[in-house]
Amino acid sequence: MEQGKKKTYTVKDPARLAVVVAAAVGILLLVLGWVFFLGRVRRQTADLAAYTTLTRTGETVTAVLDVDSLLTELALPDPRTDPKAARNPAVKALMNMELTLAFTEEPDVIAVTADVNEGALKRKGIVLKERTWTGPAKVLPRTAPEEPILTEQVVDKPKTVLREGYLAALLDEEGKGLNLGPVCEKVRFERDRLSKEIFGNNYVTSKTNVWFIVYPEGSERHNAYRALFTLAETGEPEVRSIRNCCFTVDVLDLSYREGTGVGFAKTDVAIYPTYEEASSLAEFTAQGCTITELAGGSAQGPDRPSFDYNGFVRFVGLPMSHPLPDGSLWSPSSDPLEEDDLWRLVGNGEYTMAELLDYVCMEIYARRGYTFPNEDQTVYRQHFDACDWYRATEDAPERFMTATERDNLNRLRRLKDLLES
């Protein structure tokens, strides 16, 4: 070989070299990916024993696991504050974990075994320090249970029994409103029947007045519940068959029977060409009848209180609402409402019963921190802002409501629809 001449190499199999290089690159990428994955998934060790407290009273042993602190330590979301946390497999595994306790040869040392889905934890980079461990149980002294301190609650209890027979008022002898559900349903039925007979399905009605009329003793009739409606045809003006009109629905001879409640004898319907004629009560005053005008189907009595501690409405026969959770005696957010309770709703005289029902519904939302963000809800926000228990925190509180709250809302809305119809 001559001095200074460069030596050259020739690749005999280029294809084989390409395969070797590709394999080397693939292995390198795999190693880098695994290193990156290990860097992203931080391996954590969960020491369950450090978050478990053992106590013993006699032969009874109790284990309390501080799940809140454990979730915080492992940087996992809390399902009580984050609705999406329940979807996290590691959170689900810890929340469903069960602890089994067993005595050991030492009197106050307890063996604890955790039954937990370790696979779900490992997929999130969490390993258990140990599934079974022993620990001392703090011995608690035996104590006699304390006698509960009962605070007497003032509840409106009926002192008299409603007499059977024809009604002379829509209040019982305690001044409590009667359940007029069957009466209102009959009024609605007659309203729809007459409206469809005149206009088919193309009509709109509005209830403008309600009266309760009591005839003098010895009359053929005993009483009448009268509702006045305006009736208008919908659709194009040129195809309307007749002019708009008014009509009344009379439910006659309301009576009370124990076990069946309020009933009635019959109904009458009358059509009038003008509102003045329909709203005239001259025929009743001429007979010496006693006439009571009702606001939204509710009856007012002279001794019925108008405000509760919320500053707006209350239900006769139930204790008045107090701020929750401090000493509350009753609230539509914590106690079930019955239909009879709803018909006993009273207010300050400036609102219909349907409007009062709206405020009761909104109190349930307000108890859950509803912010009343819509413009048409400003009046509710202003009202509940004045209540010291109200804290605006939630835009969609329905998911936090209890079964009692949902049942109360459904019952309130059904009655409101009945009154407005």
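1. Let's start with the β4/β5 pairing. Six bridges hold β4 against β5 (residues 109-115), and these two strands run antiparallel. One contact to look up on screen: F103 has I110 in β5 as its bridge partner. Keep in mind throughout that this is a predicted model.

2. Zooming out, that pair belongs to an open sheet of three strands, ordered β4-β5-β7, with antiparallel pairing. The edges are β4 (98-103) and β7 (132-136), each of which pairs on one side only. From one strand to the next, the twist averages 30°.

3. Now the interior. The largest nonpolar core counts 54 residues, and L180, Y225, L254 and F384 have the most contacts inside it. Several elements give two or more residues to this core, including α5 (181-199), β10 (203-214), β11 (223-233), β12 (245-252), α10 (378-385) and α11 (403-420). The largest share, though, is 10 residues from α9.

4. There is also a second, separate core, this one of 25 residues; among them are V91, V112, I126 and L128. As background, nonpolar side chains tend to be buried together in soluble globular proteins.

5. Last, a residue I'd click on: E363, which sits in helix α9 (residues 353-367). Is E363 buried or exposed? Its relative accessible area is 6%, so E363 counts as buried, the cut-off being under 20%. For orientation, look at P332 too: 31 residues separate P332 and E363 along the chain, yet their C-alpha atoms are 7.5 Å apart.

Key:
Residues are numbered from 1 along each chain as its sequence is written. This is a predicted model: local features need pLDDT of at least 70, side-chain atom pairs count only at pLDDT 80 or more; totals for chains, interfaces and linings use all residues. Side-chain values use heavy atoms; hydrogens and water are left out. Two strands pair if DSSP finds at least two bridges between them. Helices (H or I, at least four residues) and strands (E, at least two) are DSSP runs, numbered from the N terminus. Axes are lines fitted to C-alpha atoms, for helices over the stretch in contact, and angles run from 0 to 180 degrees between N-to-C directions. Buried means under 20% relative accessible area, exposed over 50%, partly exposed in between (1.4 Å probe, protein chains only). A nonpolar core is a set of buried Ala, Val, Leu, Ile, Met, Phe, Trp, Tyr and Cys residues joined through side-chain atoms within 4.5 Å.
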